Amino acid sequence: MNGPQETEMSQARETTSSRFGFLMLAAGSAIGLGNVWRFPYMAGANGGGLFVLFYLLFLLLLGFPVMCMELAVGRASRRNLYGAFRDLPEKRPSLWRFPAGVAFSGNLILMIMYTTVTGWMLTYFVDFLTGRLAALSTEAELKNQFTSLMNNPGKMSFYMILTVLIGSGICAFGLRRGVERITKILMAGLFVLLSVLSLYALFLPGAGSGMKFYLMPSLPGDTNIFKIAGGAMSQAFFTLSLGIGALEIFGSYTDKKNSLATESILIISCDTLAALLSGILVFAACFSYGIQVDGGPGLVLFSLTGIFNHLPGGRILGSVFFLFLSIAALTTIITVFENLIAFMMDEWHFSRRKAAWVNFLVVGVLSLPCVFGFNIWRHIHPLGTKSTILDFEDWLISDICLPLGSILIVFFCCRDSGWTWKKFLAEVNTGKGLRFPAWLKWYAAVILPVLILYLFGLGIFNRFF
Ligand code: TRP
């Protein structure tokens with residue numbers, strides 16, 4: 001690694017030399033739209049309680065070991081994922097070039113859908129602030145508002161590009177650390193708001209049946225159980241940012257004082273709490289205001305607008321909520337951008353500014369299909385499209401890239417041609433706290449990849465058949 005990159009890395013390492021800083025950074029990247037936007041709508045579309053049960057199970061069975069592995073690879077190599085795959089193995093490093101490609105494309109695909117949805121959150125923030133949403137209360141009105149946004153490619157593109165500009169701008173000027181300091185407070189604000197609102201939502205009339213749907217697993221009527229399991233797995237990977245080296249980079253910034261199993265548990269707990277709280281909010285609102293739970297990607301927007309509009313001071317509360325949510329999404333975007341920029345600086349020797357510019361342009365342009373998938377594309381496509389481009393990109397990242405990347409990381413940590421199990425175990429267990437049990441080797445090396453592969457196959461099967 002050459003001079004400037006080394007400086008970047010060590011600067012970044014300094015910032016997270018405190019444990020709290022590291023945890024906030026990792027949790028800040030993990031907590032985002034996945035928790036507040038994707039989780040409730042996936043749960044709603046997949047039968048509620050059973051999906052949530054599978055999701056929690058997969059967090060433990062898949063999320064926990066893969067997170068430990070990603071963090072360990074980062075902490076041992078002090079490199080980004082691409083560098084780690086190159087530097088850690090003693091033998092046959094060329095074998096590990098492919099995972100680097102999966103990770104890079106994964107980050108890019110994630111960005112080109114994430115920016116559009118973040119743009120929606122910004123739009124709702126501005127529209128709450130200006131009072132444009134104040135009059136909506138029935139399901140039809142709330143849904144129409146969302147549909148009219150989808151039919152407005154100009155407005156959607158504007159907010160999407162604004163998102164890309166803010167994200168890449170902050171990275172270009174190296175302002176990330178300053179921003180991190182502020183976002184810590186704002187993230188805490190989001191948690192407080194989520195907690196208070198969900199407590200309030202629990203007392204809405206009809207909230208009880210909402211909670212029953214959300215938390216009581218029941219056998220699905222017409223949705224198939226495999227679809228539910230596949231969806232829950234992709235949600236577990238997505239929400240924890242696993243599989244494409246996002247957490248790996250945070251591992252590379254942390255010190256060896258604490259065992260990585262402990263850190264993983266803490267990150268997973270924060271992330272899960274955020275998701276569960278927003279689920280309470282959304283399903284209480286849906287059952288209270290008669291909104292269908294399988295409303296798709298707009299669900300959180302129209303159900304929460306419903307809540308805010310029934311509350312005194314809802315306009316202010318709504319704008320603050322969507323502001324915090326936009327910021328949570330932006331912190332995630334900044335960390336993903338950093339990942340892409342690090343790759344370009346590392347592998348292609350770009351300067352930081354140049355890498356940020358290239359990312360602004362590439363991500364900005366490649367995000368347009370997602371925006372147009374809701375409007376222009378539907379009109380010119382001779383048959384119309386049943387699913388949107390957002391849906392397709394989401395599938396590509398969540399059902400393909402993340403499981404594939406995770407399997408590769410698992411192999412990397414368990415195989416002798418990779419980093420080897422012994423070295424992984426030594427790294428993950430360095431520091432105080434919970435041990436990663438050595439006897440889990442058979443689980444990690446055999447069952448874990450088979451399980452992921454099975455669910456990965458299910459993702460493909462469910463999409464095409
Ligand atoms: N976990 C983030 C969220 O819930 C999204 C995210 C950030 C991500 N980086 C990632 C997902 C890397 C997968 C891989 O919003």
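Which residues have the most contacts inside the largest nonpolar core? In this predicted model, they are W37, W120, F321, F322 and F424, within a core of 157 residues. Helix α4, spanning residues 49-77, gives the most to this core, contributing 16 residues. The surroundings of F322 can be followed residue by residue. When its neighbours within four places in sequence are set aside, F322 is in contact with M121, Y124, F125, F128, L301, L304 and F308.

The interior may next be examined for enclosed space. A search of the whole structure returns one cavity of 30 Å³ or more, and the largest cavity holds about 160 Å³ of space. Its lining comprises 17 residues, of which S29, L110, F238, S241 and T332 are the closest to the centre. Several helices take part in this lining: α2 (19-30), α6 (97-129), α11 (225-240), α15 (314-347) and α19 (389-414) each supply at least two residues. By residue class, the lining of the largest cavity consists of eleven nonpolar and six polar residues, with no charged residue among them.

Charged side chains are considered next. Side chains of opposite charge can pair when their charged atoms come close. The structure contains 14 salt bridges, and three of these illustrate the settings in which such pairs occur.

In one of them, the side chains of D87 and R79 meet with an N to O distance of 3.0 Å. Is each partner buried or exposed? R79 is buried because its relative accessible area, 18%, falls under the 20% cut-off, whereas D87, at 39%, is partly exposed.

A second salt bridge joins K143 to E139, with the closest N and O atoms 3.2 Å apart. Both residues belong to helix α7 (residues 139-150), where four residues, about one turn of the helix, separate them. K143 counts as partly exposed at 23% relative accessibility, and E139 is likewise partly exposed at 23%.

The third pair is formed by D391 and R463, whose side chains meet at 3.5 Å, N to O. This salt bridge links distant parts of the chain, since D391 lies in helix α19 and R463 in helix α21 (residues 441-464), 72 residues apart. D391 is partly exposed at 30% relative accessibility, and R463 is partly exposed at 29%. Beyond individual pairs, salt bridges that share partners join R79, R86, D87 and E347 into one network, and the bridge between D87 and R79 described above connects two members of that network.

Definitions and conventions:
Residues numbered from 1 in each chain as written. Predicted model: local features only at pLDDT ≥ 70, side-chain atom pairs only at ≥ 80, totals over all residues. Heavy atoms only, no water. Core = buried A, V, L, I, M, F, W, Y, C linked by side-chain atoms within 4.5 Å. Buried < 20%, exposed > 50% of the residue type's maximum accessible area, 1.4 Å probe, protein only. Contact = heavy atoms within 4.5 Å. 1 Å grid on protein atoms, 1.4 Å probe; cavity = no way out; pocket = protein on both sides within 12 Å on 5 of 7 lines; lining within 4 Å. Points joined across faces, edges and corners; volume = space filled by probe spheres on them. Nonpolar A, V, L, I, M, F, W, Y, C, P; charged D, E, K, R; others polar. Salt bridge = Lys/Arg side-chain N within 4 Å of Asp/Glu carboxyl O.
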